[in-house]
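Grab a pencil and open the viewer. Here is a set of short exercises, each with a worked solution to check yourself against.

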Amino acid sequence: MQKVMFVCHGNICRSPMGEFIFKDLVKKAGLEDQFVIDSAAVSYEEQGNGIYPPAARKLSEHRIPFGSHAAHRISAAEAAESDLILIMDSSNERLISRIIKQEDMQKVHYLMEYAGKPYQSVSDPWYTGDFETAYQDIYSACLGLLKTLLE
């Protein structure tokens, strides 16, 4: 079992989109028994909140199933248990480095690395309002991620 953790600032837009998109791809590939997939934040700002409604609508538009969700901040223990931690931008990288153990930073990768765009950010739709671009970036990176993990 590989544990994959998606991380963004508040855990209400990008990281839950990544979590549920990747879960859907894994399920469609018949590989559910090979992965544990979750998401978290680098802040406490949205603690306990569900998926931001425009993000949920975007997932629904693309027929990506999602369940209940409660935002939470990643813990050092979660990072230690994860095999791969996928961040959305440089702010996530800076903040997560203050939360998790230094040796677990080797597990941290920009999600867009798996779309062939290392160090490129997934724009935060909370600020841009562009949930479609965020969805497309996350989806293409999740496709590349699955392909990479299966190699």
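The exercises below deal with a predicted model, so keep that in mind as you go.

**Exercise 1. Work out the strand order of the sheet and find its edge strands.**

Solution. Start with the order: this is an open sheet of four strands, running S2-S1-S3-S4 with parallel pairing. Next, look for strands that pair on one side only; these are S2 and S4 (108-110), the edge strands. From one strand to the next, the twist averages 25°. Now zoom in on S3 (residues 84-87) and S4: they run parallel and are joined by three bridges. One to look up is Leu-86, whose bridge partner in S4 is His-109.

**Exercise 2. Place helices H1 and H6 relative to the sheet.**

Solution. Take H1 to begin with: H1 packs on the sheet, where it touches S1 and S2, and its direction makes about 170° with that of S2. Then turn to H6, which lies across S1, S2 and S3 and runs at about 155° to S1.

**Exercise 3. Decide whether H1 has the span expected for a helix, and whether it is mostly covered or mostly open.**

Solution. H1 covers residues 14-28, so count 15 residues and apply 1.5 Å times one less than that number. The expected span is 21 Å, and the helix reaches 21 Å from its first C-alpha to its last, so the two agree closely. For burial, use the cut-off of under 20% relative accessible area. By that test, 12 of the 15 residues in H1 are buried, including Met-17, Phe-20, Ile-21 and Leu-25. What does the covering? Among the elements over these buried residues are strands S1 (2-8) and S2 (35-41), along with helices H2 (53-61) and H6 (131-150). Just past the helix comes Gly-30, with a positive phi near 70°.

**Exercise 4. Compare the settings of Asn-11 and Arg-63, two non-glycine residues with positive phi.**

Solution. First the angles: phi is about 65° at Asn-11 and near 55° at Arg-63. Then the locations: Asn-11 sits in the loop between S1 and H1, while Arg-63 is in the loop between H2 and helix H3 (76-81). Last, the accessibility: Asn-11 counts as buried because its relative accessibility is 0%, whereas Arg-63, at 71%, counts as exposed.

**Exercise 5. Find out what His-69 touches and where its side chain reaches.**

Solution. His-69 belongs to the loop between H2 and H3. With a relative accessible area of 15%, His-69 is buried. Its contacts beyond four places in sequence include Asn-11, Pro-16, Glu-19 and Ser-39. Pick out Ser-39: it is 30 residues away along the chain, yet the two C-alpha atoms are 9.4 Å apart. Asn-11 turns up again here, as its backbone oxygen is reached by the His-69 side chain at 2.7 Å.

**Exercise 6. Classify the ring pair Tyr-135 and Tyr-139.**

Solution. The model has seven aromatic pairs. For this one, the ring centres are 5.8 Å apart and the planes are at 15°, so it counts as stacked. Both tyrosines lie in H6, four residues apart, or about one turn of the helix. Residues three or four places apart in an α-helix point the same way because there are 3.6 residues a turn. Their exposure is worth a check too: Tyr-135 is buried at 4%, and Tyr-139 is partly exposed at 27%. As an extra, locate the aromatic cluster formed by Phe-6, Phe-22 and Phe-35.

Methods:
Residues are numbered from 1 along each chain as its sequence is written. This is a predicted model: local features need pLDDT of at least 70, side-chain atom pairs count only at pLDDT 80 or more; totals for chains, interfaces and linings use all residues. Side-chain values use heavy atoms; hydrogens and water are left out. Helices (H or I, at least four residues) and strands (E, at least two) are DSSP runs, numbered from the N terminus. Buried means under 20% relative accessible area, exposed over 50%, partly exposed in between (1.4 Å probe, protein chains only). Contact means heavy atoms within 4.5 Å. A polar contact is a pair of N or O atoms within 3.5 Å; within protein, one must be able to donate a hydrogen and the other to accept it, and residues adjacent in sequence count only if both atoms are side-chain atoms. Rings of Phe, Tyr and Trp (its six-membered ring) pair if their centres lie within 6.5 Å; planes under 30 degrees apart count as stacked, over 60 as edge-to-face and the rest as tilted. Two strands pair if DSSP finds at least two bridges between them. Axes are lines fitted to C-alpha atoms, for helices over the stretch in contact, and angles run from 0 to 180 degrees between N-to-C directions.
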